[in-house]
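Trainee: I would like a close look at one part of this protein. Please take me through it step by step.

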Amino acid sequence: MKPWIKYIHQLNADKELLSIYRQLRHQFQKEGWTEKDLEKPPYYTQEIMSLFERFNMERKRIGSELTKYFGNLDLSDYMDYIQHRMAEVDKETPLTDKRYNNKDYLDNGD
């Protein structure tokens, strides 16, 4: 395990980042979004924008902290790590497929 990953695990340094991401996923669920919607969101609520901004600030803060203690990080390694952790949250907060949950779809048989 890379030292910076061990650092994150030992100090739970990504706890806030994952909490914010979890809140984002809950907002996506509330809006009825699918994974496909995340590729090109149909709209942005104030709450989603606020959480997205907080998420980016926290991600940068962690990156700066890691650079402070471990020198220059390989950005792709750091992003891979973050994406892996986000995937864990994705499993906890799955998004639905609108086709099967949309009342109009069911009523019209489309």
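Trainee: What percentage of the 110 residues of the protein chain count as buried? And then please focus on helix 4 and what surrounds it.

Mentor: Start with the whole chain. This is a predicted model. Of its 110 residues, 32% count as buried. The chain has seven helices and zero strands. Read from the N terminus, the order is α-α-α-α-α-α-α. Among contacts with a separation of 6 or more, 74% join residues 24 or more positions apart. The chain exposes about 7600 Å², and carbon and sulfur atoms supply 52% of that area.

Now helix 4. It covers residues 46-70. Check its length against its residue count. At 1.5 Å a residue, 25 residues should span 36 Å, and the end C-alpha atoms are 36 Å apart, so the two values agree.

Next, its buried residues. They are Ile48, Leu51, Phe55, Asn56, Glu58, Arg59, Ile62, Gly63 and Leu66. Note that Asn56, Glu58 and Arg59 are on that list along with Ile48 and Leu51. What covers the buried residues of helix 4? The cover includes helix 1, helix 2 and helix 5.

That brings us to the core. In soluble globular proteins, nonpolar side chains tend to be buried together. Here the largest nonpolar core has 23 residues. Trp4, Leu24, Phe55, Leu66 and Ile82 touch the most other members. Helix 1, helix 2, helix 4 and helix 5 each supply at least two residues of this core. Helix 2 gives the most, with six residues.

Take Leu66 as a worked case. Leaving aside residues up to four places away in sequence, Leu66 touches Trp4, Tyr7, Ile8, Gly71, Leu73 and Tyr78. Two of those names, Trp4 and Tyr7, come back when we turn to the rings.

A search of the whole structure finds seven aromatic pairs. Trp4 and Tyr81 form one that is edge-to-face, with 5.8 Å centre to centre and 80° between the planes. This pair links distant parts of the chain: Trp4 sits in helix 1 and Tyr81 in helix 5, 77 residues apart. Both Trp4 and Tyr81 are buried. Tyr7 and Phe70 make another pair. Their ring centres are 5.5 Å apart and their planes stand at 75°, so this pair is edge-to-face. It too joins distant parts of the chain, with Tyr7 in helix 1 and Phe70 in helix 4, 63 residues apart.

Compare the burial of those two partners. Tyr7 has a relative accessible area of 17%, so it is buried. Phe70 is at 33%, so it counts as partly exposed. The cut-off for buried is under 20%. Trp4 also belongs to an aromatic cluster with Tyr78 and Tyr81.

Finish at the end of the helix. Just after helix 4, Gly71 takes a positive phi of about 75°. Gly71 is also one of the residues that Leu66 touches. For another positive phi, look at Asn12, which has about 55° although it is not a glycine. Asn12 lies in the loop between helix 1 (3-11) and helix 2 (15-31). Its relative accessibility is 40%, so Asn12 counts as partly exposed.

Definitions and conventions:
Residues numbered from 1 in each chain as written. Predicted model: local features only at pLDDT ≥ 70, side-chain atom pairs only at ≥ 80, totals over all residues. Heavy atoms only, no water. Helix = DSSP H or I, 4+ residues; strand = E, 2+ residues; numbered from the N terminus. Buried < 20%, exposed > 50% of the residue type's maximum accessible area, 1.4 Å probe, protein only. Contact = heavy atoms within 4.5 Å. Areas by Shrake-Rupley, 256 points an atom, 1.4 Å probe, with all protein chains shown as cover. Expected span 1.5 Å × (residues − 1). Core = buried A, V, L, I, M, F, W, Y, C linked by side-chain atoms within 4.5 Å. Phe/Tyr/Trp six-rings, centres within 6.5 Å; stacked < 30°, edge-to-face > 60°.
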